[in-house]
Amino acid sequence: MAASNLTPSGPSTFILMGIPGLEAAHGWISIPLSIFYLIGLLGNFMVLFIVGKEQTLHKPMYLLLCMLALTDIGISTSVMPKALCIFWFNLKGITVAGCLTQTFFLHGVSIMQSAVLVTMAFDRYVAICNPLRYTTILTNTRIAKLGLVGLIRAVLFMLPLPLLLSRQPFCANRIIPHTYCDHMAVAKMSCGDITVNRAYGLVMAFVVLGLDLMLVALSYSLIIRAVLRISSKTDYQKALNTCTAHICVMLMSCTLFFFSTLTHRFGQGIAPHIHIILANLYFLVPPMLNPIIYGVKTKELRDKVGKYTFRICLSGGH
């Protein structure tokens, strides 16, 4: 290709191929991906802006929404700018340090998001099962502390990934058939023994995220039990409504995550370009839909979005 001379290749460089087999369609594939990315950024920054501006929204639930928005921005931004450079400008080169940094942020922010989703499930559990003590159990300070614990956990669990990879001897063939530096894709570039890397990656995926899923399932089983005891139909409907958005987000994130992880490790029969497109969608679709789901299902947030959109339209009309 004409732009291939823009791709540096040296002893400290990997080559990200983008989507092998679909190179000719890179420009077309980039159109929906960039649109999803921009919608996700716009939606999540809008959530951060509105919650930041509105004193009435300075509550635990909305602080958690802001944390979710930050992790959504982090996840999509750790993948898309480099992917779009490959699609648009054929800039396929990435340094080993850059590749390991991307691996760390990509997986670290995913684990951070998992912790936020667990905290959101706990928030809904307290709101429905113990509403009278909600304001004393979940204060803004406590939510901030839980967020900090989630961040520390993500850093501690994910730091060994790039450190283990940096000790590996890499082969002469440094072509990664992907749009980003996934942990296992980089590990497969090694000429050494990657048993530890493989085991650590698998343990992290299933122990950390498996534990988080168990905690979410526990919260929701207790919520369902409490909801079924509610005799008033209005209260019953209200209780269900407070959980719908979170359940939608959880189902979407978990389904895409496990499908992407399992096809990468065990889906030998699946065409590589299908897996790569699915993996990119995992980092784009939830960040795009999360603010929309919460915007539609949360009345306070929906009203404020309407208020600011109306103001912008008015000021634009003058």
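By class, how many nonpolar, polar and charged residues does the lining of the largest pocket have? I shall come to the count in a moment, after a word on the model.

Colleagues, the structure before you is a predicted model. I shall treat its largest pocket and then its cavities.

The largest pocket holds about 740 Å³ of space. Its lining consists of 26 residues, and those closest to the centre of the pocket are Met61, Arg124, Ala127, Lys238 and Thr242. To return to the opening question, the lining of this pocket comprises 13 nonpolar, four polar and nine charged residues.

Which elements supply at least two residues each to that lining? They are α2 (60-89), α3, α9, α11 (285-297) and α12 (299-317). Among these contributors, α9 provides the largest share of the lining, with seven residues.

Let us turn to the enclosed spaces. The structure contains four cavities of 30 Å³ or more. I shall describe the second largest cavity, whose volume is about 190 Å³. Three elements give two or more residues to its lining, namely α3 (96-129), α8 (195-228) and α9 (233-266). In total, 15 residues line the second largest cavity, and Ser114, Leu117, Leu209, Ser253 and Cys254 are those nearest its centre. By class, ten of the lining residues of this cavity are nonpolar, four are polar and one is charged.

To close, I would draw your attention to α3 and α9. Both helices supply at least two residues to the lining of the largest pocket, and both give two or more to the lining of the second largest cavity. Thank you.

Technical notes
Residues numbered from 1 in each chain as written. Predicted model: local features only at pLDDT ≥ 70, side-chain atom pairs only at ≥ 80, totals over all residues. Heavy atoms only, no water. 1 Å grid on protein atoms, 1.4 Å probe; cavity = no way out; pocket = protein on both sides within 12 Å on 5 of 7 lines; lining within 4 Å. Points joined across faces, edges and corners; volume = space filled by probe spheres on them. Helix = DSSP H or I, 4+ residues; strand = E, 2+ residues; numbered from the N terminus. Nonpolar A, V, L, I, M, F, W, Y, C, P; charged D, E, K, R; others polar.
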